[in-house]
2 protein chains.
Amino acid sequence: MIQPRPRTIPEATVARLAVYLRVLTALGDGGRSTVSSGELAAAAGVNPAGLRKDLSHLGPCGVRGVGYEVATLHDRISRVLGVERSRGCVLVGMGNLGSALADYAGFGTRGFEFVGLFDAAPDRVGQSIGGHTVQPMDALDEVVAATQASIGVITTPAEVAQSVCDRLARAGVRSILNFAPVPLAAPPGVDVRKVDLSVELQVLAFLGQQRLGAAAPLAPVEEPA
Amino acid sequence: MIQPRPRTIPEATVARLAVYLRVLTALGDGGRSTVSSGELAAAAGVNPAGLRKDLSHLGPCGVRGVGYEVATLHDRISRVLGVERSRGCVLVGMGNLGSALADYAGFGTRGFEFVGLFDAAPDRVGQSIGGHTVQPMDALDEVVAATQASIGVITTPAEVAQSVCDRLARAGVRSILNFAPVPLAAPPGVDVRKVDLSVELQVLAFLGQQRLGAAAPLAPVEEPA
DNA sequence: ATGTGTGAAGATTTTCACAGCA
DNA sequence: TGCTGTGAAAATCTTCACACAT
């Protein structure tokens, strides 16, 4: 049996494919039928050559001298990312951030479906958010088992994030997205991805300050002797 | 005049420095006075050698054979990241996500201060979130000018994100953090950093699915019947 | 002995340049 | 001619191994 493509697509590429997919959807809705790599790259905010390299991981999918067919490329990327199959997600920690995610309609069209919202606080249990009712933590194992949810999202305070991670893993969740500002350890076979909002702000601020420093090199940090 | 250090710290390193800083704060609060690179790395979820390499960008700041002094290292990183100087941030788009950010206390201790919350919807204007009152978009220029805010955060729907970006840039904001799922163009001198929550989920899901595919190579792509 | 600081090797990602096909 | 697909070069980031200070 031949290996038609190397089964490994670089992670950086996968992230960009998701962006291209969004742009293609918008383009298709706008009635466009073809795009060039230059145009698509501009709309996605990346370098054209890089975009072509990314797409090359999916095999040839454009027409030389012409460009890409919007609908075809959209389908191809959808297939690779697995957008078609709906994936159940459970969300733990229904504070502001959790509520924001539960309410965000954009996930539905990307193959994600929230199948359970959980919180430890009794006064949050029973609330309805984004069409779902918040359930107590006790119900977690049962819901994960019943819905075969494969993804868990943690939006709890940092202090309890690890214990929530453990519970999710034990319940059978295989992939975890962690918004709590703390690194999590998970058993082998479960992978954790982290999003740290304050780190993003910090990096942004540093780059801005660095840029200023380069432009007006005054008071160069004054090393403490 | 000599160049004591190359003024450029890799972006990846900056992101991790922010994480180390958080760990060091926790460690200091716990009464610890010294740490080794191994221990700090474990707490931050990174490789020890990488951590040392990261810190090497700040110049020598440990004691060989002993480790790092928690308080000293904390100060050094704070200095470099510019945590000391308070930076004004304005936030545009007070939906769920905007509210979550405005309410998150963690930013204050990292040198960020929200100095203005804005929304275009009349019924959101006047609400109080995280100790601030939501203001109409008309007030934006004035507030940015008065507070010298240097950072803008966009948590609006995608459709209006570009126009908000333009307004922020015109008002004098130099750094923008964009949560809207659309790439933004900004004038030179303004840098934009993007956080795309649905992309994070998509990457996580893909990696999970890829892992499964590798583990149990059944039904290679099997069209949905 | 112990753990930092760092040059060098290795892996990954980005960019370039151009061959090849419509 | 115009734009895709791709090897090769460049830049970047990570990991290793060990000299060196305490």
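Ala, Val, Leu, Ile, Met, Phe, Trp, Tyr, Cys and Pro count here as nonpolar, Asp, Glu, Lys and Arg as charged, and the others, Gly among them, as polar. On that basis, the residues of the surface near DNA strand C divide into eight nonpolar, seven polar and seven charged. The model is predicted. The points below cover the surface near DNA strand C, helix H4 in chains A and B, and an annotated span of chain A.

**Surface near DNA strand C**

- Around DNA strand C there are 22 residues, of which Arg16(A), Ser37(B), Gly62(B), Gly65(B) and Tyr68(B) come nearest.
- Sugar or phosphate accounts for 60% of the strand C atoms within 4 Å of the protein, and bases account for the rest.
- Arg16(A) places a polar side-chain atom 2.9 Å from a phosphate oxygen of DNA strand C.
- Ser37(B) uses its backbone instead: a polar backbone atom lies 2.5 Å from a phosphate oxygen of the strand.
- For Lys53(B), the partner is a base nitrogen of DNA strand C, 3.4 Å from a polar side-chain atom of the residue.
- Two or more residues of this surface come from each of these elements: helix H1 (11–29) and helix H3 (48–56) of chain A, and helix H3 (48–56) of chain B.

**Helix H4 of chain A**

- Helix H4 of chain A takes in residues 70–81; at 1.5 Å a residue its 12 residues should span 16 Å, and the end C-alpha atoms are 16 Å apart, so the two values agree.
- Buried in H4(A) are Val70(A), Leu73(A), Ile77(A), Ser78(A) and Leu81(A).
- Because these buried residues fall within an arc of 135° when seen down the axis of H4(A), they line one face of the helix.
- Gly82(A) follows H4(A) and has a positive phi, near 75°.

**Helix H4 of chain B**

- In chain B, helix H4 (residues 70–81) has 12 residues and reaches 16 Å from its first C-alpha to its last, close to the 16 Å expected at 1.5 Å a residue.
- Its buried residues are Val70(B), Leu73(B), Ile77(B), Ser78(B) and Leu81(B).
- The arc they cover around the axis is only 135°, which puts them on the same side of H4(B).
- After H4(B) comes Gly82(B), with a positive phi near 75°.

**Annotated span of chain A**

- An unreviewed UniProt entry carries the annotation "domain: CoA-binding" for residues 82–183 of chain A.
- In the model, this span is 29% helix and 28% strand, and its end C-alpha atoms lie 28 Å apart.

Notes
Residues are numbered from 1 along each chain as its sequence is written. Chains are lettered from A and ligands numbered from 1 in the order in which they are written. This is a predicted model: local features need pLDDT of at least 70, side-chain atom pairs count only at pLDDT 80 or more; totals for chains, interfaces and linings use all residues. Side-chain values use heavy atoms; hydrogens and water are left out. Helices (H or I, at least four residues) and strands (E, at least two) are DSSP runs, numbered from the N terminus. The expected span of a helix is 1.5 Å times one less than its number of residues. Buried means under 20% relative accessible area, exposed over 50%, partly exposed in between (1.4 Å probe, protein chains only). The arc is that of the directions from the helix axis to the C-beta atoms. A residue is near a molecule or strand if one of its heavy atoms lies within 4 Å of it. A polar contact is a pair of N or O atoms within 3.5 Å; within protein, one must be able to donate a hydrogen and the other to accept it, and residues adjacent in sequence count only if both atoms are side-chain atoms. UniProt positions are given in the numbering used here, feature names are shortened, and annotations may be inferred rather than shown by experiment.
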